[in-house]
Amino acid sequence: MNLLKPVASASALGSRSKQTKVVWGNRLVTVGGGAPVRVQSMTNTDTVDVIGTAIQVKELALAGSEMVRLTVNTLEAANAVPYIRDQLDRMNIDVPLIGDFHYNGHRLLTEVPSCAQALSKYRINPGNVGKGEKHDRQFAVMVESAIRWNKAIRIGVNWGSLDQELLANLMDQNSQRAQPWGAKSVMYEALISSAIGSATQAVDVGMDPSQIILSCKVSGVQDLISVYRELAKRCDFALHLGLTEAGMGTKGAVASTAALSILLQEGIGDTIRVSLTPQPGESRTQEVVIASEILQALELRSFVPSVTACPGCGRTTSTTFQELTQQIESYLREKMPVWRSLYPGVEKMKVAVMGCIVNGPGESKQADIGISLPGTGETPAAPVFIDGEKCMTLRGDAIAQEFQAVVENYVEKRYGKSAVCQA
């Protein structure tokens, strides 16, 4: 068995996973089975802090997170979950909540049924549900709670918290082989066997297979790719992707993009999370932005209008195009929570902000709306192109504000209700 053998193409993997339904309230979100790849995130607040946690969930949801996971580690945290759900409902934030359980999930779900009912999905780590005879019994209790309340589960296996008994058994079996696998391959097999074996156990307890999502998280890019390629071959459960600890800043963003993009391009993965370590003072929503940007760059989803901008060179005389690009990107992202309902399709809009005459007019014509700022020695004027045609020229110190107004007017005319009716 060679888990490192690359997959030739996405078609070699066959069809995508079965559809999974995550129910919350009177609505549900589908995962897998050809449904859009969903963005997930997790709070880093103390769950006992109902208001603080609800505010962060709202921020993550408005940034584009379609599911949000909470730490549920104590009775106090479990008791807080229904109040968090109520607070979100009052703020009209209907994003589903996932309970992250380790060690005592069987007890919390049993002793606090209001928590079990308020959550939309339970994350169960089979390596942290007990040892020996307690393992199967406590795992079954959590699954039975999901069945009772009609909730989905994610069986989430982690490199750092593997079932040690399973790993020891696999190592013993490997030592008896004529040609033993390498240590890394044994570890891969332990991850995959734990996930699939636990899913089979959940089905035996009575869980609907369509309510099960699997994950096998590791920290290395190549390790993640190898594990998920093999996992996708051996099961058709919906799969959640993500490096378990991506890291901080550029490192975390690049590692997550490298790993997830390869797998998603091959048709592997139904939900994703970028487990980014926030830099001091950075918003938790950054991980959501990166996850959505990965899907948008692969043209799998559209979340916010894309902005094409040149990197700048010796022809660009100022930072005006950089500042304008930043302003426009921030403006579009801030507007999307409102625009999403008012202007269907606006998330697919393409905007260009270019810095000189070399590529400026051409890129601007290719975008839905674009502006070409003057470079070195060029006339101090900025032509604006709409739907491929030059429609005006902006001059002076208020170009940024004027162009922003042009963009907003364009959005209303093209994507507003009147535009849809005319079409």
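**Close-up 1. Glu 299 in the loop after helix H10**.
Glu 299 is exposed in this predicted model, because its relative accessible area of 73% lies over the 50% cut-off. The residue belongs to the loop that links helix H10 (286-297) with strand S13 (306-309), and although Glu 299 is not a glycine, its phi is positive, at about 60 degrees. Most residues other than glycine have a negative phi. A positive phi also occurs at Asp 387, again a residue other than glycine, where the value is near 50 degrees; Asp 387 is found in the loop between strand S16 (382-386) and strand S17 (389-394).

**Close-up 2. Helix H10 and its buried residues**.
Helix H10, which is followed by Glu 299, is largely enclosed by the rest of the structure, because nine of its twelve residues are buried. Among these buried residues are Val 288, Val 289, Ile 290, Ile 294 and Leu 295, and the list also includes Glu 287 and Gln 296. The twelve residues of H10 should span 16 Å at 1.5 Å a residue, and the end C-alpha atoms are indeed 16 Å apart, which agrees. The helix lies across strand S3 (38-42) and strand S11 (271-272), and runs at about 165 degrees to S3.

**Close-up 3. The barrel and the pairing of S8 with S9**.
Eight strands close into a barrel with parallel pairing, in the order S3-S4-S5-S6-S7-S8-S9-S11. Within this order, strand S8 (residues 212-217) and strand S9 (residues 238-241) pair in the parallel sense over two bridges, and Leu 214 has Leu 239 in S9 as its bridge partner.

**Close-up 4. Ser 256 and its contacts**.
Ser 256 lies in helix H9 (residues 249-265) and counts as buried, because its relative accessibility is 1%. Leaving aside residues up to four places away in sequence, Ser 256 touches Leu 243, Ala 246, Ser 261, Val 274 and Ile 294. Of these contacts, Ile 294 is also one of the buried residues of H10.

**Close-up 5. Aromatic rings and a charge over a ring**.
The count of aromatic pairs comes to four. Phe 101 and Tyr 122 form an edge-to-face aromatic pair, with 6.0 Å from centre to centre and 90 degrees between the planes. Because Phe 101 lies in strand S5 (residues 97-101) and Tyr 122 in strand S6 (residues 121-124), the pair ties together parts that are 21 residues apart in sequence. Phe 101 counts as buried at 2% relative accessibility, and Tyr 122 is likewise buried, with a relative accessible area of 0%. Elsewhere, Tyr 331, Trp 339 and Tyr 343 form one aromatic cluster, while Arg 177 lies over the face of Trp 181, at 4.1 Å from the ring centre.

**Close-up 6. The open sheet and helix H13**.
Five strands form an open sheet with mixed pairing, in the order S13-S14-S15-S16-S17. S13 and S17 are the edge strands, each of which pairs on one side only, and neighbouring strands of this sheet are turned against each other by 20 degrees on average, direction ignored. Strand S15 (residues 369-372) pairs with S16 in the antiparallel sense over three bridges, and Gly 370 stands opposite Phe 385 in S16. Helix H13 (residues 399-415) lies across strand S14 (350-354), S15, S16 and S17, and runs at about 165 degrees to S15.

How values were computed:
Residues are numbered from 1 along each chain as its sequence is written. This is a predicted model: local features need pLDDT of at least 70, side-chain atom pairs count only at pLDDT 80 or more; totals for chains, interfaces and linings use all residues. Side-chain values use heavy atoms; hydrogens and water are left out. Helices (H or I, at least four residues) and strands (E, at least two) are DSSP runs, numbered from the N terminus. Buried means under 20% relative accessible area, exposed over 50%, partly exposed in between (1.4 Å probe, protein chains only). Two strands pair if DSSP finds at least two bridges between them. Contact means heavy atoms within 4.5 Å. Axes are lines fitted to C-alpha atoms, for helices over the stretch in contact, and angles run from 0 to 180 degrees between N-to-C directions. The expected span of a helix is 1.5 Å times one less than its number of residues. Rings of Phe, Tyr and Trp (its six-membered ring) pair if their centres lie within 6.5 Å; planes under 30 degrees apart count as stacked, over 60 as edge-to-face and the rest as tilted. A charge sits over a ring if NZ of Lys or CZ of Arg is within 6 Å of the ring centre and within 35 degrees of the ring normal.
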